[in-house]
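Here is a relaxed walk through one protein model, meant for someone who has not met it before. Take a look at the sequence and the 3D view, then read on.

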Amino acid sequence: MSSSSPPADRLFCSKPFEWFEVSRGVEGGEGDTFLCCPSWLPTPVGNLRTQTVAEVWNGATARDIRASILDGSFSYCVAANCPHLQNVDGPVRRVAEVTDPLHLAILRDGVTVLPWGPRDVNCSYDRSCNLSCPSCRTKVIVESQARDRIQQIQQRINDEALADARLLYITGSGDPFGSPFFRRWLQTMRRADMPRLERIHLHTNAQLWTPRMWETIPAEIRALVTSADVSIDAATAETYAVNRRGGRFDVLLENLAFVRTLREQGPLEWFGINMCVQANNYAEMPAFVALGERVGADAAAFSRLNNWGTFTDAEYAARTVHDPAHPEHERLLDVLADPAFERPVAYLGNLLDLREAALARRGLAWRMRRALRTARRFIPTAGAAGASAAPG
């Protein structure tokens with residue numbers, strides 16, 4: 001690195017140099033595109049309905065966001081929401097710890113205009129789902145009226161965004177099997193359209209992830225599905241019925257048993273279960289860690305509740321037990337002091353600071369400032385512990 005390189009202790013995040021998330025906002029806005037999870041970095045860099053991938057990827061806003069990473073300000077980021085800034089893990093590293101040759105070149109030369117296309121493509125432009133979880137919607141949504149717009153975006157991604165892509169993420173906005181658009185895309189994908197793709201990551205509620213559904217996807221595409229997140233938000237059937245409205249806990253457990261065989265026999269190399277922590281489920285957090293171990297998950301991941309426009313301010317305040325002003329916040333800290341969170345499967349994401357506070361008030365040191373090394377590439381923890389909106 002040259003003498004003009006950033007200080008060694010400065011943080012660097014690779015995400016805006018690789019990530020390309022095409023969103024479908026709660027209020028509309030199909031095609032708005034982001035260089036990170038919108039709850040962590042909420043400024044869109046363009047819209048794929050009116051611009052090409054190249055125009056969005058290296059547009060003025062994209063360049064400014066990358067510059068904010070290189071100058072160390074992270075001025076576009078919402079640090080309190082980002083688990084990677086809290087943990088200094090995943091795409092976030094201290095400059096002295098950066099080893100990837102591409103990232104080193106970015107730091108050395110101050111690159112903001114990228115000669116390569118998106119490397120990690122997150123498809124979050126369709127909210128269609130088989131469930132109506134209160135954390136992200138008030139009713140079951142199938143985007144039939146937006147069919148033409150969704151198909152336009154999907155075709156543009158297929159034709160323009162996948163040439164350099166390594167990761168295809170489906171989906172941060174609904175369910176890959178519950179959406180007729182994503183499901184059909186998975187069933188008709190061609191390996192030739194994505195020559196450098198290394199993996200497909202599925203984010204799902206798993207209610208429809210059955211052996212029969214799995215067999216409808218071509219073998220060459222199934223082989224690319226090497227990681228998955230399952231949004232659950234509960235450790236008991238009673239809480240699951242409320243937080244995953246329309247889902248059945250017994251069906252979930254049956255399908256997780258199938259997912260476990262895919263983890264043990266391939267093609268899955270990693271899968272995690274997710275809980276969006278709120279007032280009606282925080283007491284089940286230690287049991288959720290145990291559930292992750294029981295189903296063979298690599299991670300039982302937790303995240304703070306976001307408001308995706310489904311709650312009034314009063315409703316949201318009643319649920320956000322992570323807020324120090326919440327009447328049950330002290331009880332949450334008691335739960336977070338549980339030794340269950342020392343288990344290798346536990347990943348506290350953007351609740352890590354509360355775990356540290358819980359231990360500190362008991363006079364204990366945070367002995368293991370550790371997030372799953374194997375999980376870091378895959379756990380984005382936004383929304384429902386997933387990449388953008390509250391999926392599944």
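Where does Pro-344 lie? Pro-344 belongs to the loop between helix 13 and strand 12. Keep in mind as you look around that this is a predicted model. With a relative accessible area of 53%, Pro-344 is exposed, because the cut-off for that word is over 50%. In space, Pro-344 has Glu-293 at 9.3 Å, C-alpha to C-alpha, although 51 residues separate the two in sequence.

**Rings that meet**

The loop that holds Pro-344 also holds Phe-341, which brings us to the aromatic rings. There are nine aromatic pairs in the structure. One of them is made by Phe-302 and Phe-341. It helps to know that a pair of aromatic rings is described by the distance of the centres and the angle of the planes. For Phe-302 and Phe-341, the centres are 5.8 Å apart and the planes are at 75 degrees, an edge-to-face arrangement. Phe-302 sits in strand 11 (residues 299-304), while Phe-341 is in the loop between helix 13 (329-336) and strand 12 (346-347), so the pair ties together parts that lie 39 residues apart in sequence. How accessible are the two partners? Phe-302 is buried at 0% relative accessibility, and Phe-341 is buried as well, at 2%.

Elsewhere, Phe-177, Trp-209 and Trp-214 gather into one aromatic cluster. Rings also meet charges here. The charged end of Lys-15 is placed over the ring of Trp-19, at 4.1 Å from the ring's centre. Likewise, the ring of Trp-57 has the charged end of Arg-66 over it, 4.6 Å from the centre.

**Strands under cover**

Now for the strands. Strand 10 covers residues 270-277, and eight of its eight residues are buried. Which residues lie on its two sides? One side has Trp-270, Gly-272, Asn-274 and Cys-276, the other has Phe-271, Ile-273, Met-275 and Val-277, and all of these are buried. That split fits a general pattern: in a regular strand the side chains alternate between the two faces of the sheet.

Strand 10 has partners, too. Strand 9 (residues 225-231) pairs with strand 10 in the parallel sense, over five bridges. Among the bridge partners, Ser-227 is matched with Trp-270 of strand 10. Strand 11 also runs parallel to strand 10, and six bridges join these two. Here Ile-273 has Ala-300 in strand 11 as its bridge partner. Strand 11 is also where we met Phe-302.

Strand 8 (residues 199-204) tells a similar story, with six of its six residues buried. Arg-199, His-201 and His-203 are on one side and Ile-200, Leu-202 and Thr-204 on the other, and both faces are covered. Strand 7 and strand 8 run parallel and are joined by four bridges. Leu-167 has Arg-199 in strand 8 as its bridge partner.

**Backbone oddities**

A few spots in the backbone deserve a second look. Two cis peptide bonds and two positive phi values are gathered here:

| Feature | Residues | Angle |
|---|---|---|
| cis peptide bond | Ile-170 and Thr-171 | omega about 5 degrees |
| cis peptide bond | Gly-266 and Pro-267 | omega about 10 degrees |
| positive phi, not a glycine | Phe-74 | phi about 50 degrees |
| positive phi, not a glycine | Asp-233 | phi near 65 degrees |

Where do these spots fall? Thr-171 is in the loop between strand 7 (167-170) and helix 6 (180-188). Pro-267 is in the loop between helix 10 (249-265) and strand 10. Phe-74 belongs to the loop between helix 2 (60-70) and helix 3 (83-87), and at 10% relative accessibility Phe-74 counts as buried. Asp-233 is placed in the loop between strand 9 and helix 9 (237-243). Is Asp-233 buried or exposed? Asp-233 counts as buried, since its relative accessibility is 0%.

**Empty space inside**

Finally, what about the gaps? Rolling a probe the size of a water molecule over the atoms shows where empty space is left. In the whole structure, three cavities of 30 Å³ or more turn up. The largest cavity has about 100 Å³ of space. Its lining consists of 14 residues, and the closest to the centre are Cys-13, Cys-36, Cys-77, Cys-82 and Leu-85. By class, that lining has twelve nonpolar, one polar and one charged residues.

How values were computed
Residues are numbered from 1 along each chain as its sequence is written. This is a predicted model: local features need pLDDT of at least 70, side-chain atom pairs count only at pLDDT 80 or more; totals for chains, interfaces and linings use all residues. Side-chain values use heavy atoms; hydrogens and water are left out. Rings of Phe, Tyr and Trp (its six-membered ring) pair if their centres lie within 6.5 Å; planes under 30 degrees apart count as stacked, over 60 as edge-to-face and the rest as tilted. Buried means under 20% relative accessible area, exposed over 50%, partly exposed in between (1.4 Å probe, protein chains only). A charge sits over a ring if NZ of Lys or CZ of Arg is within 6 Å of the ring centre and within 35 degrees of the ring normal. On a 1 Å grid over the protein atoms alone, a cavity is a set of points where a 1.4 Å probe fits but cannot get out, and a pocket is an open set with protein on both sides within 12 Å along at least five of seven lines; lining residues have an atom within 4 Å of a point. Grid points are joined across faces, edges and corners, and a volume is the space filled by probe spheres set on the points. Ala, Val, Leu, Ile, Met, Phe, Trp, Tyr, Cys and Pro count as nonpolar, Asp, Glu, Lys and Arg as charged, and the others, Gly among them, as polar. Two strands pair if DSSP finds at least two bridges between them.
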